[in-house]
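I wanted a quick tour of this chain before doing anything else with the coordinates. Here are my notes, in the order I looked things up.

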Amino acid sequence: MHQQNYIKGMREGIPVGLGYFVVSFTIGIAARKANLTPVQATVMSFTNNTSAGQFASFALIASGAPYLEMVISQAVINLRYCLMSCALSQKLDGKLPFYHRLFVAFGVTDEIFGLSISQKGRLDPWYTYGVMSVAVPGWSLGTLAGVLSTGVLPQTFLNAMNMALYGMFIAIFMPAAREDRKLLPVIFIAMALSAAVQMMPLFDFISSGMKIIVLTLVISAGAAVFMPVPEEEV
């Protein structure tokens, strides 16, 4: 059973891995501008699978910021993954050993979370491992390729590659929306609120990461109140 779920995770993680490879090109280019070596940039991507966190760290590295400032910035920028981990923990068997929870937590990104949380019933951690085994190398190797190709690819091409991440994320939650029509209003409300908060000057004082956290809490709380999921379907 674990082997089947692992293979399924690998198969469904292939689009994520390919998308990560393309998008992380720009991570590698930014790492090069921050004077990181190819090895340093690749190790960083392997251990820190977050574009926003990595871009922020490059600016801090280039400015010679202290380690404590970097730790605090990463904690704030990636705080939304704590929310995802809390949601994902409800899909795991309560008797699951701690080390499985630790390894699953390492792989919590937007796309890996989206695939994992959409699985029916309890989540077998080996499914998430299958996705991670394709996605994480894709992100790391894409970063390496970006470092090595600095100055070769035109900026317009790199900007177009960045759009692949958004298309990939849409492709993850749309199948779930087709199966459960109750998700459609939640998705559209989330998109509308996200656009409104991003465009309205009233919220300019809030960082982009904090906007995601607040919207996630508000929208998920509203969905839980008005469209609760029966216990047997969790």
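**Ser-73, then the ground rules**

I started at Ser-73, which I found in helix α5 (residues 67-77). Helices here are DSSP runs of H or I with at least four residues, strands are E runs of at least two, and both are numbered from the N terminus. Ser-73 is buried, at a relative accessible area of 18%. My cut-offs for that word: buried is under 20% relative accessible area, exposed is over 50%, and partly exposed is in between (1.4 Å probe, protein chains only). I also checked a C-alpha distance: Ser-73 and Leu-60 are separated by 9.3 Å, with their positions 13 residues apart along the chain.

Note to self: this is a predicted model, so local features need pLDDT of at least 70 and side-chain atom pairs count only at pLDDT 80 or more, while totals for chains, interfaces and linings use all residues. Residues are numbered from 1 along each chain as its sequence is written, and side-chain values use heavy atoms, with hydrogens and water left out.

**Whole chain**

I counted 12 helices and 0 strands. Read from the N terminus, the element string is α-α-α-α-α-α-α-α-α-α-α-α. Of the 234 residues, 38% count as buried. The accessible surface comes to about 13500 Å², and 72% of that belongs to carbon and sulfur atoms. Those areas are Shrake-Rupley values with a 1.4 Å probe; for residues, only the protein chains shown count as cover.

Next I looked at contacts, meaning heavy atoms within 4.5 Å. Among those between residues at least 6 apart in sequence, 79% join residues at least 24 apart.

**The core**

Which residues have the most contacts inside the largest nonpolar core? I got Ala-31, Leu-36, Phe-58, Leu-88 and Val-108, in a core of 30 residues. Such a core is a set of buried Ala, Val, Leu, Ile, Met, Phe, Trp, Tyr and Cys residues joined through side-chain atoms within 4.5 Å. At least two core residues come from each of α1 (2-23), α2 (25-33), α3 (38-47), α6 (80-89), α8 (110-117) and α9 (125-148). The top contributor is α9, which gives 8 residues.

I then took Phe-58 on its own. Not counting residues up to four places away in sequence, Phe-58 touches Ile-27, Ala-30, Ala-31, Ala-34, Leu-36 and Met-44.

**Loop between α2 and α3**

Asn-35 sits in the loop between α2 and α3. I flagged Asn-35 for its positive phi of about 70°, although it is not a glycine. Asn-35 is exposed, with 67% relative accessible area.

**Loop between α6 and α7**

I looked up two residues here. Lys-91 lies in this loop, and Lys-91 counts as buried because its relative accessible area is 9%. Setting aside neighbours within four places in sequence, I found Lys-91 in contact with Ser-116, Ile-117, Gln-119, Lys-120, Gly-121, Arg-122 and Leu-123.

Leu-96 is in the loop between α6 and α7 too, and is buried at 17%. With the neighbours within four places left out, Leu-96 contacts Arg-101 and Pro-125. Leu-96 and Pro-125 are 29 residues apart along the chain, and their C-alpha atoms are 9.1 Å apart.

**Helix α7**

Tyr-99 belongs to helix α7 (residues 98-106) and is partly exposed, at 45% relative accessibility. Together with Phe-98, Leu-102 and Phe-103, Tyr-99 makes a nonpolar surface patch of about 470 Å². A patch takes residues with over 30% relative accessible area and no salt bridge (a side-chain nitrogen of Lys or Arg within 4 Å of a carboxyl oxygen of Asp or Glu). Like charges are joined within 9 Å, and nonpolar side chains (Val, Leu, Ile, Met, Phe, Trp, Tyr) within 5 Å.

Phe-106 is in α7 as well, partly exposed at 37%. Beyond the neighbours within four places, Phe-106 contacts Phe-46, Thr-47, Asn-49 and Met-132. From Phe-106 to Thr-47 I read 8.3 Å, C-alpha to C-alpha, across 59 residues of sequence.

**Cysteines**

How many disulfides are there? With the rule of two cysteine sulfur atoms within 2.5 Å, I got 0. Cys-82 is in no disulfide, and the nearest cysteine sulfur, that of Cys-86, is 6.9 Å away. Cys-82 is partly exposed, at 46%.
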